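Work through the two exercises below with the model open. Each one sets a task and then solves it in steps.

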Protein chains: 2
Amino acid sequence: MSVTSPQGFRASGVVAGLKSTGAKDLALVVNDGPSFDSASVFTANRCKANPVLWSQEVVKDGVVRAVVLNSGGANCYTGPEGFQTTHAVAERVASSLGIGAIDVVVCSTGLIGLANDREDLLAGVDAAHSALAAEGGPDAAAAIMTTDSVAKQVHVEGAGWSIGGMAKGAGMLAPQLATMLVVLTTDAVVGAADLDQALRAATRVSFDRLDSDGCMSTNDTVTLLASGASGITPSLPDFTQALTRACSDLALQLLADAEGADHEITITVLNAATEDEALEVGRSVARSNLFKAAVFGKDANWGRVLASIGTTQAAFDPADLDVAMNGVWVCRSSTPAADPSTVDLSGREVTVTIDLKAGAERATIWTNDLTHAYVHENSAYSS
Amino acid sequence: MSVTSPQGFRASGVVAGLKSTGAKDLALVVNDGPSFDSASVFTANRCKANPVLWSQEVVKDGVVRAVVLNSGGANCYTGPEGFQTTHAVAERVASSLGIGAIDVVVCSTGLIGLANDREDLLAGVDAAHSALAAEGGPDAAAAIMTTDSVAKQVHVEGAGWSIGGMAKGAGMLAPQLATMLVVLTTDAVVGAADLDQALRAATRVSFDRLDSDGCMSTNDTVTLLASGASGITPSLPDFTQALTRACSDLALQLLADAEGADHEITITVLNAATEDEALEVGRSVARSNLFKAAVFGKDANWGRVLASIGTTQAAFDPADLDVAMNGVWVCRSSTPAADPSTVDLSGREVTVTIDLKAGAERATIWTNDLTHAYVHENSAYSS
């Protein structure tokens, strides 16, 4: 149930001294082959951190042999010095493994504008290399936590092959990836082009549908490594389906651990003219602070849902919208229907269903409520 | 210092029994002429309340003789019954004044999906008609308050003419108008076409630049009435300038009274390629819950500013952005500059200055911080 569950991988998580708490803060995941195919996706934010700028070059040839990740500092907007730090970390990983630095993905998370001490990082790499183990996945998952309350890991079994994964993220979860570092591993035999196709299909309906607080990070990275160690080549649909399951599982773990959230909200938009319009409508509701504060207050405030829908360009008749919360249709044809006070919002899971009556497409967006704890955590903690 | 400060207007504010508190909840503003020229702008939300649907028809010929406004219920998504209520209110105002209902603008604010009792409203109109007075402006301003903590009024003097105004709004302030009802009056002699041009110019740089919480209301209405009672015809630039001053003054009063806010944040984007791009960048920062929570925590978190800028399509070099907070340049060329802890965020007023270095255009957006009180007020109060 970790990145080392599939065959052909070792990992470790160690204390490099970057976190003031003294907790584990540096992780290393190594693909021991025989194949080194990979695929990656990165944040759509134009302001990218140094590790992202580096790793975008690394992944271009489809070959990745190791991923090194640190928490305790995002290495974002730290200038040329910061980029050199990323480069030096990749070089140290490469020399310890006898590979090229251009095959080493680097990920960092933590405060923007904070440059980590390079010597601490390099000593951490040495320690992580020494600690590499076929059972090291859980240690690696622990080392990438920031405000996460739990480590996020996954394992999905195929027929003689499997997919493992770990993720870090707890807020700033919004579209085109969250503040989120994800490493996925598989021992299936899959070439880089197919990995890329499968990864884009899987992230499109999992991580890309998370919209915790509308804020997009500078450091997001998802890297998928295939060792081929099982010797088995699954069909691309089978592999994509398993990968989608792994990504969705991790995405829902991220959602459930969002900073300060009291509710996980699943917004499903039905009968849209296009899937993009369904997504636009879902995101508009997921971005409404007024609606999200109402959910925190256990108030089935469908008026705030309609007010959000009305800000979009999607096709619909403003006089003929239906809205349900937790299965209760509180609004039919844009007029009050069931009594909102009959909607039980005491549990963590909330569903919002919107019927646009404009077509046959649908989409689901996941978000959280807006709570006192969110404000507290994000006003007291710099990230 | 009210809508009745200019000559030719009477107003009143009475208790119609719509608010459970027993406070004033119905206002009437009447233009006694000799001219009845007007201009109006409405919410850009496609989900519009019944009073907006009605009033959009009323204003088409440029003639408005009265505005009736109620708090205690938005009359939005209340179905055909709700539209008939709006129509009945306009008819009652018209018959009491001996004018046509098609010259009566109706505005409502309060909970979406709540239909006010029609008889209460009509009795309120009768009481408001009886109470009409040339000194009634302050009563009218009080009657349109919802979560507002203070009444908002303005008076700007021209050369022998003046502009008066009142506004209601305290949150849900976002672009293309906030949850905001505004009535502006003038005794200048200005035709409907010029009023329209002046009003669009004034709102574009005032109400449209407010982005308190990114949420757009269903009921926003700004109506400008010109009585011509001064007999003086100002130049259009002079009138536009005074009107812009009146609108900006009211907009800043709305900002200062935003629900639960601790800080008023002025975001100025410099050296953008176009004014629209400056606005896009300013709004992206104004919409960042992470940044707004940081301001509440008195944390000069410029990393969250850069992360927001990076989500836009504006022209800039991600490696060459400057950011100042309260005049302290905490980020130069996308690297750390002055120590963020030297920025004093203890006062209510916060400035953020962003230099895109991509052109010569600029724009300013006003927003608020994200506070515990915002979450409390919007989770405990249905609107």
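The exercises deal with a predicted model and take its domain contact and its chain contact in turn.

**Exercise 1.** Describe how domain 1 of chain A meets domain 2 of chain A.

*Solution.*
Step 1: set the bounds. Domain 1 spans 9–256 and domain 2 spans 264–380. Their C-alpha centres lie 33 Å apart.
Step 2: count the residues. Each domain of chain A brings 16 residues to the contact.
Step 3: take the area. The two domains bury about 1300 Å² between them, with 45% of it on carbon and sulfur atoms.
Step 4: look for polar links. Five residue pairs are in polar contact. Two salt bridges cross this interface. With a cut-off of 4 Å, E275(A) and R209(A) qualify at 2.9 Å, N to O.
Step 5: find the source on domain 1. Helix α6 (residues 236–256) gives the largest share of that side, four residues. By class, the side holds seven nonpolar, four polar and five charged residues.

**Exercise 2.** Characterise the interface of chain A and chain B.

*Solution.*
Step 1: count the residues. Chain A and chain B each put 50 residues in contact.
Step 2: take the area. About 4000 Å² is buried between the chains, 60% of it on carbon and sulfur atoms. R46(A), Y77(A) and L290(A) supply 18% of the area that chain A buries, more than any other three residues.
Step 3: check the polar links. There are zero salt bridges between the chains, but 14 residue pairs in polar contact.
Step 4: place the elements. α8, α9, β13 and α10 of chain A each supply at least two residues. α10(A) gives the most, six residues.
Step 5: sort by class. The side of chain A has 23 nonpolar, 23 polar and four charged residues.

Notes:
Residues numbered from 1 in each chain as written. Chains lettered and ligands numbered in written order. Predicted model: local features only at pLDDT ≥ 70, side-chain atom pairs only at ≥ 80, totals over all residues. Heavy atoms only, no water. Domains from an automatic or database assignment. Contact = heavy atoms within 4.5 Å. Buried area = accessible area lost by both parts, 1.4 Å probe. Salt bridge = Lys/Arg side-chain N within 4 Å of Asp/Glu carboxyl O. Polar contact = N/O pair within 3.5 Å; in protein donor to acceptor, adjacent residues only side chain to side chain. Nonpolar A, V, L, I, M, F, W, Y, C, P; charged D, E, K, R; others polar.
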